[in-house]
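These are my notebook entries on a structure that is new to me. I recorded what I looked up, entry by entry.

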Amino acid sequence: MAPDASDPELRISAGAIRLRKGGVPVVCLTAYTYPVARLLDGHVDLLLVGDSVAMVLHGHKTTLGASLEMMIAHGQAVMRGSAKACVVVDMPAGSYEATPAQAVASARRIVGETGCQAVKLEGGVTVAGQIAAIVAAGIPVMGHIGLQPQSVESDGGYRIKGRTEENVAALYRDADAVEKAGAFSVVIEGTVETVAADLTRHISIPTIGIGASGECDGQILVIDDMVGLTVDRVPKFVKQYADLRSVISQAAASYAAEVRSRTFPGPGHVFSAAADKDKE
């Protein structure tokens, strides 16, 4: 039976995530599809419909390939497939940076068309006005500081943050700005472990680590990385809990062999003329 995604009382709210500061770590994973959301919903506190979908499912080189329409479509699928988890949808590059008004309009569209519990955007000081405006419009916001995939081109690649005094100071400014603007939590990505741990102690909202620190208030991974489906390079910070790439490859090889040898379909996979003999 499909989960009752229409009952908001069943959902973990952004406010409930906010109250998890310093408590039992918040379990987060990305999800982009209905079946995966159904599989993950009973195990996690938060499902992020990340703009990583542009790379993971659509084959783009960076997350910059994500569009507002893409995020909404996948957000709708994840909402249909989940009932318990707090669902957060990424705001893609170009949908919020220009002005607070643009950010509010995009956030309202995402929430209005998906029913998700919150949106996420990247940046600290530079987007504090956008975060505050979205929150003022009644939409919870998750921040994202440290390594920011949407800025990979301007940064000259995926560069770990927190390795210079200047960069550490900037991270503190970003963390403070996100908290002050009203975000209910903040992702810290690709940041030196000790710096991420210090940032977690420094601010009063939960930090969600990815390539950061075990002392963060929660952790997130891209689901395809975690279950071994990633076909390209897997980041250092990923722990693979399964090898579905090999499982799928082996299954496809077995299927191909049986089709070519005409052993599939067999008697149990075809229909007879007598309807009462068919057990679907």
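**Entry 1: Glutamate 189.** I looked up the burial of glutamate 189 and found a relative accessible area of 11%, so I entered this residue as buried, a word that I use for under 20% relative accessible area, with exposed for over 50% and partly exposed for values in between (1.4 Å probe, protein chains only). The model is a predicted one, in which local features need pLDDT of at least 70 and side-chain atom pairs count only at pLDDT 80 or more, while totals for chains, interfaces and linings use all residues. Residues are numbered from 1 along each chain as its sequence is written, and side-chain values use heavy atoms, with hydrogens and water left out.

I place glutamate 189 in strand S6, residues 185-189. Helices (H or I, at least four residues) and strands (E, at least two) are DSSP runs, numbered from the N terminus. In UniProt I found Glu189 listed under "active site", in an unreviewed entry. UniProt positions are given in the numbering used here, feature names are shortened, and annotations may be inferred rather than shown by experiment.

I then listed the contacts of glutamate 189, leaving aside neighbours within four places in sequence: His144, Ile145, Gly146, Leu147, Pro149, Ile210 and Gly211. Contact means heavy atoms within 4.5 Å.

**Entry 2: The first annotated group.** Which residues does the UniProt annotation "binding site" cover together with Lys120? The unreviewed entry gives Asp51, Ser52 and Asp90 beside Lys120. They span 70 residues in sequence, but no two of their C-alpha atoms are more than 12.5 Å apart, so I note that they gather at one spot. I also found Asp51, Ser52, Asp90 and Lys120 in the lining of the largest pocket. On a 1 Å grid over the protein atoms alone, a pocket is an open set of points with protein on both sides within 12 Å along at least five of seven lines, and lining residues have an atom within 4 Å of a point.

**Entry 3: Serine 52.** I located serine 52 in the loop between strand S2 (46-49) and helix H3 (53-56). Serine 52 counts as buried because its relative accessibility is 14%. Apart from neighbours within four places in sequence, I found serine 52 in contact with Thr30, Tyr32, Thr63 and Val222.

**Entry 4: Aspartate 90.** Strand S3 (residues 86-90) holds aspartate 90. I read a relative accessible area of 2%, so aspartate 90 is buried. With neighbours within four places in sequence set aside, the contacts of aspartate 90 include Asp51 and Lys120; I also noted Leu48, Val49, Gly50, Met71 and Ile110.

**Entry 5: The second annotated group.** A "binding site" annotation in UniProt (unreviewed entry) covers Asp51, Asp90 and Glu122. Spread over 72 residues of sequence, they nevertheless cluster in space, with a largest C-alpha distance of 10.8 Å. The lining of the largest pocket includes Asp51, Asp90 and Glu122.

**Entry 6: Aspartate 51.** I found aspartate 51 in the loop between S2 and H3. Is aspartate 51 buried or exposed? Its relative accessible area is 4%, so I recorded aspartate 51 as buried. Beyond neighbours within four places in sequence, aspartate 51 is in contact with Asp90 and Glu122, and also with Thr63, Ala66, Met71 and Gln150.

**Entry 7: Serine 106.** Helix H5 (residues 100-114) contains serine 106. At 8% relative accessibility, I count serine 106 as buried. Neighbours within four places in sequence aside, I list Leu68, Met91 and Ser95 as contacts of serine 106.

**Entry 8: Valine 247.** I turned to helix H11 (residues 244-260), where valine 247 is found. Valine 247 has 48% relative accessibility and therefore counts as partly exposed.

**Entry 9: The whole protein.** I recorded eleven helices and eight strands. The C-alpha trace spans about 70 × 40 × 35 Å along its principal axes. The protein has 280 residues, of which 46% count as buried. Among contacts between residues at least 6 apart in sequence, 59% join residues at least 24 apart.

Technical notes: On a 1 Å grid over the protein atoms alone, a cavity is a set of points where a 1.4 Å probe fits but cannot get out, and a pocket is an open set with protein on both sides within 12 Å along at least five of seven lines; lining residues have an atom within 4 Å of a point.
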